[in-house]
Amino acid sequence: MIYVHVPFCKSFCIYCGFYSESLSRCGGVKAVEQWAEAVCAEALSRKDEILSSIGTDTLYIGGGTPSVLPLSVLGQVVNRIREICGKKGEETFEEFTVEVNPDDIVKGGLPYLEGLRKLGINRISMGVQSFDDGILRWMGRRHSSSDAEKAVELIREAGFTNLSLDLISGIKGLSDEMWEDTLEKTLSLSPEHISAYQLSVEEGSVLDEMVSTGKYSEADDAQCERQYRILCRKLSDAGYVHYEVSNFSKPGKEAIHNSAYWRRAPYVGLGPGAHSLVGERERRWNSETVPSYSSSNEILSDEDLRVERVMLSLRTAKGISEEELVRLCGRNNVRRMLNEGSIISSGSVIRIPEDHFFTSDSIIRELL
Ligand code: SF4
């Protein structure tokens with residue numbers, strides 16, 4: 001299970017808190033090539049770790065915006081990782097995802113998408129966020145709603161059968177009607193997977209600055225909850241499985257890579273800003289600097305492990321075994337929350353019911 005972080009974007013979205021550099025300001029093609037060299041060297045030096053993590057056979061290229069990379073540079077990194085993992089000929093990972101921006105897909109067209117397929121990529125995750133052009137402009141996205149539609153058309157034409165679209169709700173200027181329109185447009189494109197997040201104000205983002213200078217005030221809880229409920233209803237009516245608080249899929253199309261994060265499977269993160277989980281309790285991360293970066297680590301305490309395990313498992317529809325939750329949170333605590341109905345028990349498993357997903361963070365806090 002391998003993650004590669006591509007820390008480059010062509011422009012910045014106002015809400016973004018991820019580590020990324022502006023491609024034009026950090027040295028363009030030269031910087032990208034140096035990044036690829038550094039990632040290949042890191043992959044080689046962590047070969048044993050990579051080999052012990054491929055019980056989950058996934059490769060995820062995220063960012064940043066991986067679709068700003070020339071195919072030759074992406075190919076250099078992918079081929080090095082394939083080689084290390086012993087993938088021969090056409091053999092690829094069970095799930096091999098790349099994150100893309102609609103604008104890059106439209107500009108690159110079928111030749112670019114065919115290039116991605118040749119690298120063995122079998123799943124595309126595209127940041128659509130909204131089908132409202134006013135909202136997209138406000139967010140600082142560099143694509144329009146028609147670019148997103150066109151991109152989906154091209155992705156299908158190129159033969160990709162596993163597509164995930166990202167959406168954002170809970171924006172002050174987003175009315176329920178606009179949100180419903182975005183969801184209807186999304187459903188008409190029939191993606192296999194949908195991730196839908198509520199807008200949050202990330203420290204250091206442009207939005208954070210806008211909040212502190214009074215240029216933006218956050219949507220209230222009632223709007224966020226209404227829009228979350230609209231999302232759950234519409235996607236469930238359309239046959240999607242709500243398998244994690246922010247994630248929905250057609251049956252059998254749950255994200256294998258992300259599901260493994262939620263199980264706390266070990267993974268190797270390559271590239272500046274990438275995190276790794278080594279064994280059960282070593283968290284390692286690379287510094288956020290290009291082209292060269294260094295790594296640091298920490299050993300998680302029993303308390304860290306307890307919090308992560310409860311938090312990650314209870315955000316999923318699979319939940320956690322009753323025996324484990326009682327061990328981690330205490331019998332009386334679990335019993336009280338069961339009586340209140342904020343968690344439910346089916347068989348030997350405890351989970352948060354879907355109609356309480358919106359308040360899952362506070363339910364988990366109370367349990368902990
Ligand atoms: S949201 Fe994605 S595309 Fe936008 S700035 Fe952040 S990493 Fe780049």
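Two strands count as paired if DSSP finds at least two bridges between them. The exercises below apply this rule and others to a predicted model.

**Exercise 1. Determine the strand order of the open sheet of 3 strands, and name its edge strands.**

*Solution.* Step 1. The order in this open sheet is β15-β17-β16, and its pairing is antiparallel. Step 2. Each edge strand pairs on one side only; these strands are β15 (320–321) and β16 (344–346). Step 3. The pairing of β15 with β17 (residues 349–351) can be checked against the rule: 2 bridges join them, and at least two are needed. Step 4. Within this antiparallel pair, I320 has I350 of β17 opposite to it.

**Exercise 2. Describe how strand β8 pairs with β7 and with β10, stating the sense of each pairing.**

*Solution.* Step 1. Strand β7 (residues 163–169) runs parallel to β8 (residues 193–198), and 6 bridges link the two. Step 2. A residue pair illustrates this contact: Y197 in β8 is found opposite I168. Step 3. With β10 (residues 247–249), strand β8 forms 3 bridges in the antiparallel sense. Step 4. Here H193 has S249 in β10 as its bridge partner.

**Exercise 3. State the handedness of the β-α-β unit that contains β7 and β8.**

*Solution.* Step 1. The unit consists of β7, helix α7 (residues 176–188) and β8. Step 2. Its two strands run parallel. Step 3. The unit is right-handed.

**Exercise 4. Locate the second largest pocket with respect to the two domains, and characterise its lining.**

*Solution.* Step 1. The volume of this pocket is about 340 Å³. Step 2. Its lining has 14 residues, of which S259, W262, R263, T316 and K318 are the closest to the centre. Step 3. Two elements, α10 (256–262) and α11 (302–314), each give two or more residues to the lining. Step 4. By class, the lining comprises 6 nonpolar, 4 polar and 4 charged residues. Step 5. Because both domain 1 (2–262) and domain 2 (301–368) give residues to the lining, the second largest pocket lies between them.

**Exercise 5. List the residues that surround the ligand, and give their division into nonpolar, polar and charged.**

*Solution.* Step 1. A residue belongs to the surroundings if one of its heavy atoms lies within 4 Å of the ligand. Step 2. The residues around the ligand are C9, S11, F12, C13, Y15, C16, G64, T65 and R141. Step 3. This shell divides into 5 nonpolar, 3 polar and 1 charged.

How values were computed
Residues are numbered from 1 along each chain as its sequence is written. This is a predicted model: local features need pLDDT of at least 70, side-chain atom pairs count only at pLDDT 80 or more; totals for chains, interfaces and linings use all residues. Side-chain values use heavy atoms; hydrogens and water are left out. Ala, Val, Leu, Ile, Met, Phe, Trp, Tyr, Cys and Pro count as nonpolar, Asp, Glu, Lys and Arg as charged, and the others, Gly among them, as polar. On a 1 Å grid over the protein atoms alone, a cavity is a set of points where a 1.4 Å probe fits but cannot get out, and a pocket is an open set with protein on both sides within 12 Å along at least five of seven lines; lining residues have an atom within 4 Å of a point. Grid points are joined across faces, edges and corners, and a volume is the space filled by probe spheres set on the points. Helices (H or I, at least four residues) and strands (E, at least two) are DSSP runs, numbered from the N terminus. Domain bounds come from an automatic or database domain assignment. A crossover is right-handed if, with the strands pointing away from the viewer, the path from the first strand over the helix to the second runs clockwise.
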